[in-house]
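Here are my notes on the model, set out as numbered points that can be read beside the coordinates. I begin with the internal spaces and then turn to the cores and the aromatic rings.

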Amino acid sequence: MNINKIITIAALGITGLWCSAQSNVIEEVAWIIGDEPIYKSEIEEMYQDMQNERTPISGDPYCVIPEQIAIDRLFLHQADLDTIEVPESMVQQQVDSQMNFLITNLGSREKVEQYFRKTYADIREYYTTSIRNRYRIGQVRSNLTKDLKVTPGDVRRYYEQLPQDSIPYVPLQVEVQIITLNPIIPRQEIEDVKARLRDYADRVNRGEADFSTLAILYSEAPEGVRGGEIGFMGRGQLVPEYAAVAFNLNDPNKVSKIVETEYGFHIIQLIEKRGDRINTRHILLRPKVSPEDLQAAVERLDSVRTDIVDNQRFTFEEAARYISQDKDTFNSRGVMVNSATGTTCFEMSQLPQEVARTVASLEPGEISKPFIMRDPKRDREIVAIVRLTNRIPAHQANLSDDYQLIKGMYEEAAGQRIVDEWLKNKISTTYVRIEEGWRGCDFQYQGWVKSK
């Protein structure tokens with residue numbers, strides 16, 4: 001089989017680029033799978049990656065790692081047979097995201113190159129290959145398990161057969177509704193912010209100042225530290241107001257008009273367009289909320305709470321629909337949804353800190369007094385009230401309360417059995433040679449070492 005050399009999913013950490021083998025010396029071959037060798041240098045490289053990333057290795061690394069590389073190559077060979085295509089736009093979006101992450105954490109493109117001792121183009125190529133292969137392996141696994149059917153009876157039998165110490169312990173969880181208000185910002189404060197941005201834009205357009213320097217000095221966006229550069233983004237990755245202006249820019253030497261988004265007010269400068277993606281830098285300023293305006297929002301929300309609790313003029317759900325300014329919840333009666341699980345249940349650590357602290361003192365059905373919290377998405381102070389809908393005490397998982405959790409466990413176990421059977425068959429029908437010194441292992445799958 002003719003498949004590309006890859007880095008296994010377990011070792012997609014950033015250090016793999018740093019310690020890549022550079023010499024042209026003939027390398028020691030540890031395994032051959034199909035017609036592709038697995039080199040000792042690959043195994044050493046991956047082992048170093050996993051140590052640097054503190055990835056646990058269950059067993060001898062010189063047994064576990066080459067077996068994982070071999071497994072990945074079996075999946076990739078099947079991907080070739082199935083002609084699995086990877087949406088290139090999706091790959092490039094993920095590569096852009098990874099490169100932006102590196103630039104954010106290391107400071108600049110030049111520092112990224114210095115850290116990895118490679119050119120920026122080579123680093124991009126490494127991540128492009130890694131992400132493409134990861135997607136293709138995932139698609140093969142999905143194809144193998146796509147016909148898996150699960151019935152409530154299957155889930156019940158699976159649960160009944162679980163050893164007692166394998167039944168997961170579910171921590172305390174809560175279900176919460178929320179109503180938020182944004183304090184009113186005085187018109188003069190907004191005009192002052194716009195005036196500052198117009199001044200910055202005029203200075204850049206006249207050639208009196210460098211946009212990236214002004215971003216470092218004045219921008220309130222996280223990207224300010226790297227000159228306001230946000231990296232390559234597709235239109236769908238940007239808020240609509242920003243995208244509408246950014247994608248109409250053509251001159252990298254000019255600055256956009258002022259753009260208002262939910263995050264504040266921006267000016268934008270084009271860096272480069274690449275197909276349907278764009279790289280820009282921006283300066284963000286947020287109008288400041290005065291203590292008086294914050295207190296006014298508290299008083300208004302306190303009046304809303306009184307109308308719900310004491311006067312019963314409307315319900316919490318009605319207030320959430322018509323009064324709340326929380327974009328994520330006002331269409332769902334104020335019900336908060338856990339983005340990590342897709343359910344309405346939260347562990348306390350998964351809630352915003354102020355919400356968790358407030359909910360801890362409520363009984364189910366109670367509505368809190370107004371409190372000030374920081375909007376985690378937009379990094380600004382807002383006022384909120386919350387209603388504790390339900391509190392589920394910590395417990396060992398059971399079918400009545402945690403059916404979806406147990407169903408997920410069953411699907412994972414059943415899917416893995418299908419994949420394991422497929423791998424055993426592929427191993428038995430694939431040419432595999434393991435060199436002396438690499439065979440004395442307790443491998444996860446039997447059949448790698450062929451009997452003579």
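1. Which elements each supply at least two residues of the lining of the largest cavity? In this model, which is predicted, they are α3 (88–106), α5 and β5 (229–234). The leading contributor is α3, from which four residues of that lining come.

2. As to the cavity itself, searching the whole structure gives two cavities of 30 Å³ or more, and the largest has a volume of about 40 Å³. Its lining is made up of Asp96, Met99, Asn100, Ile103, Arg109, Tyr120, Arg124, Glu229, Gly231, Phe232 and Asn279. Sorted by class, the residues of this lining are four nonpolar, three polar and four charged.

3. The largest pocket should be considered separately, and its volume is about 580 Å³. It is lined by 26 residues, of which Asp326, Asp328, Met336, Pro376 and Lys377 are the closest to its centre. Two or more residues of the lining come from each of β4 (173–181), β10 (371–375) and β11 (380–392). The class division for this pocket is eleven nonpolar, seven polar and eight charged residues.

4. Turning to the packing of nonpolar side chains, the largest nonpolar core contains 30 residues, and those with the most contacts inside it are Trp31, Phe75, Leu423 and Trp448. The elements giving two or more residues to this core are β1 (29–33), α1 (40–52), α2 (61–81), α5 (120–145), α13 (403–429) and β13 (432–434). Among these, α2 gives the most, with nine residues. Another core, of 16 residues, lies apart from this one, and Val176, Ile178, Met336 and Leu388 are among its members. Met336 thus appears both in this second core and among the residues closest to the centre of the largest pocket.

5. Trp31 merits a closer look, given its place among the residues with the most contacts inside the largest core. Leaving aside residues up to four places away in sequence, Trp31 touches Glu36, Pro37, Ile38, Pro66, Glu67, Ala70, Val432, Arg433, Ile434, Trp438, Phe443 and Trp448. Two of these partners, Phe443 and Trp448, also form one aromatic cluster with Trp31.

6. The structure holds nine aromatic pairs, and two of them can be set side by side. Tyr126 and Tyr127 make an edge-to-face pair, with 4.9 Å from centre to centre and 80 degrees between the planes. Tyr126 has a relative accessible area of 13% and is therefore buried, and Tyr127, at 3% relative accessibility, also counts as buried. In the pair of Tyr200 and Tyr218, the ring centres are 5.0 Å apart and the planes stand at 10 degrees, so this pair is stacked.

7. Where in the chain do Tyr200 and Tyr218 lie? Tyr200 belongs to helix α7 (residues 187–205) and Tyr218 to helix α8 (residues 211–218), so their pair ties together parts that are 18 residues apart in sequence. Are these two rings' residues buried or partly exposed? Tyr200 is buried, because its relative accessible area is 5%, whereas Tyr218, at 33% relative accessibility, counts as partly exposed.

Definitions and conventions:
Residues are numbered from 1 along each chain as its sequence is written. This is a predicted model: local features need pLDDT of at least 70, side-chain atom pairs count only at pLDDT 80 or more; totals for chains, interfaces and linings use all residues. Side-chain values use heavy atoms; hydrogens and water are left out. A nonpolar core is a set of buried Ala, Val, Leu, Ile, Met, Phe, Trp, Tyr and Cys residues joined through side-chain atoms within 4.5 Å. Buried means under 20% relative accessible area, exposed over 50%, partly exposed in between (1.4 Å probe, protein chains only). Contact means heavy atoms within 4.5 Å. On a 1 Å grid over the protein atoms alone, a cavity is a set of points where a 1.4 Å probe fits but cannot get out, and a pocket is an open set with protein on both sides within 12 Å along at least five of seven lines; lining residues have an atom within 4 Å of a point. Grid points are joined across faces, edges and corners, and a volume is the space filled by probe spheres set on the points. Ala, Val, Leu, Ile, Met, Phe, Trp, Tyr, Cys and Pro count as nonpolar, Asp, Glu, Lys and Arg as charged, and the others, Gly among them, as polar. Rings of Phe, Tyr and Trp (its six-membered ring) pair if their centres lie within 6.5 Å; planes under 30 degrees apart count as stacked, over 60 as edge-to-face and the rest as tilted.
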